[in-house]
Amino acid sequence: MLSVDEALAAVLREAKPLPAEEVALDAALSRVLAEEIAADRDLPPFDRSAMDGYALRAADVAGAPCALEVVGEVRAGEWPGLEIRAGQAMKIMTGAPLPPGATAVQQLEKTRPLDEFRVTIEAPVDERQNVAPRGSEVRAGERVLERGRTIDPAAIAVLAATGHDRVRVARRPRVAVLVTGDEIVDVAAAPGPSQIRNSNGPAVAAQARLAGASVRLLGVAPDRPDATLAALRDGVAGSDVLVVSGGVSAGDYDFVEPALAELGATVVFTAVAIKPGSPLVFGRAGETLIFGLPGNPVSAQVTFDLFVRAALLGLQGARVTSRPRVGVELATAFKNRSGRRCHLPARIRYEEGRLVARGLRSSGSGDLVAHSRANALVVLEAERRQAAQGEHAEALLLGRFLEDDGA
Ligand code: AMP
Ligand code: MG
């Protein structure tokens, strides 16, 4: 059986970046950048006042308080028409270019109008004080965003400031989602006494969308070999990734593996030493990557997070494909009797200078409610059968709230 790291490496090897496309800046949020972005001009593009106040020569006010002659005003968006000479000042607004001859800005609060033509500067200023010099943030031509970065609002700001109203991003992976199981019924249907609502389909689709994919929902395939094969065929067609939930265990009615064989898919692995989620199938049919996730809702979500999400990000050329890991102090004891790397639902909080993790009561890999309350998974390696309160461990952040939001 492969370790989690070996399995992840095998997945990432198969997840070659998809071709890029150009989108409007407006549509670039959460996409992965497929080009390096450089500044097209110095930022700031001119010596810029950081304050409302008076542009002046710092040497003139070394002995402040003192009076200066006011020779004009520069507003943001204006270019100063004249030069400041000894003994002169110009009223200036935040964001306006510093007039030639000026070496600093004294903020308005430290000045007082004396009469119509003069101002009293009440305190001295250093050279360059309250001035953001041209190019002090970046120089024209300097790289400001790396290829493979996920575009967040801060990156949108950089793209906008450097004139990129269109940007090259990786094409969205096309993901088909298939769930299997005779007991599974649609959310809108009234479940019979032995039936279970399909929670994996919507959950996995949502996870795929958050990872940048466009999703096609294939519905529920019954536990029959022919129906499973037909659904897999449909799912592979036109998809970069097919995610199947359920039907991958060794039960009498688990038909995903044999159907993959019949489809002619290359199977890379069928099990990973992980809990939750040991039966986990990964393969490829033509250009389509195929994941067979366990049907148990928590297993499906956790294995998606670890493997499918990484593949989707890899397909988009992302630099970072895994969830962030942090060191935590355990506020409760954790157990791992599985003999595999174990991921346990926890809530992490920042307490008195450290990150503390509390285990959540969970009845196991079906307990999707407990999983929804977790903001992290505490990771215990196979050999670590228990971890006592006060010990340290690694945890994977799930990208959800860290604050106490009542969950
Ligand atoms: P399986 O992997 O098909 O053996 O399913 C394992 C468990 O997960 C069973 O209890 C199933 O009822 C449950 N399960 C399978 N698919 C889904 C689904 N789409 N939504 C919710 N639970 C599911
Ligand atoms: Mg099943």
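Leaving aside its neighbours within four places in sequence, which residues is glutamine 207 in contact with? Keep in mind while you look that this is a predicted model. The answer is a trio: Gln301, Phe304 and Asp305. Glutamine 207 itself sits in helix 3, which covers residues 200–210. Its relative accessible area is 16%, and since the cut-off for buried is under 20%, glutamine 207 counts as buried.

Now find helix 6, residues 297–315, and the sheet that helix 6 packs on. That sheet is an open one of 6 strands, and if you walk across it the order reads 16-13-17-21-20-18, with mixed pairing. At the edges you'll meet strand 16 (214–221) and strand 18 (266–271); each has a single partner strand, so one side of each is left without a neighbour in the sheet. On average, neighbouring strands here are turned by 15° against each other, if you ignore direction. Helix 6 touches strand 13, strand 17, strand 20 (279–285) and strand 21 (288–293), and its direction makes about 170° with that of strand 21.

For a look inside this sheet, take strand 13 (residues 174–180) and strand 17 (residues 241–245). These two run parallel and are joined by 5 bridges. One place to put your cursor is valine 175, whose bridge partner in strand 17 is valine 241.

Next, a pair of helices. Helix 4 (residues 225–236) packs against helix 5 (residues 256–263) at an angle of about 60°, and their axes are 9 Å apart. The two helices are therefore oblique to each other, and their crossing is right-handed. On the helix 4 side, the contact is made by Thr228, Leu229, Leu232, Arg233 and Val236, while helix 5 brings Val256, Ala259, Leu260, Glu262 and Leu263. Sort the residues of this contact by character and you get 7 nonpolar, 1 polar and 2 charged.

Finally, head further along the chain to strand 25, residues 354–359. Strand 25 pairs in the parallel sense with strand 22 (residues 325–330), over 2 bridges. With strand 24 (residues 341–351), strand 25 runs antiparallel, and 6 bridges join them. Valine 356 is a handy landmark in strand 25: glutamate 329 stands opposite valine 356, and so does arginine 349. Strand 24 and strand 25 form a hairpin with 2 residues between the strands, and there glutamate 352 takes a positive phi near 45°.

Conventions: Residues are numbered from 1 along each chain as its sequence is written. Chains are lettered from A and ligands numbered from 1 in the order in which they are written. This is a predicted model: local features need pLDDT of at least 70, side-chain atom pairs count only at pLDDT 80 or more; totals for chains, interfaces and linings use all residues. Side-chain values use heavy atoms; hydrogens and water are left out. Axes are lines fitted to C-alpha atoms, for helices over the stretch in contact, and angles run from 0 to 180 degrees between N-to-C directions. Helices (H or I, at least four residues) and strands (E, at least two) are DSSP runs, numbered from the N terminus. Angles under 35 degrees count as roughly parallel, over 145 as roughly antiparallel, 65 to 115 as roughly perpendicular and the rest as oblique. A crossing is left-handed if the near helix is turned anticlockwise from the far one by less than a right angle, and right-handed if clockwise. Contact means heavy atoms within 4.5 Å. Ala, Val, Leu, Ile, Met, Phe, Trp, Tyr, Cys and Pro count as nonpolar, Asp, Glu, Lys and Arg as charged, and the others, Gly among them, as polar. Two strands pair if DSSP finds at least two bridges between them. Buried means under 20% relative accessible area, exposed over 50%, partly exposed in between (1.4 Å probe, protein chains only).
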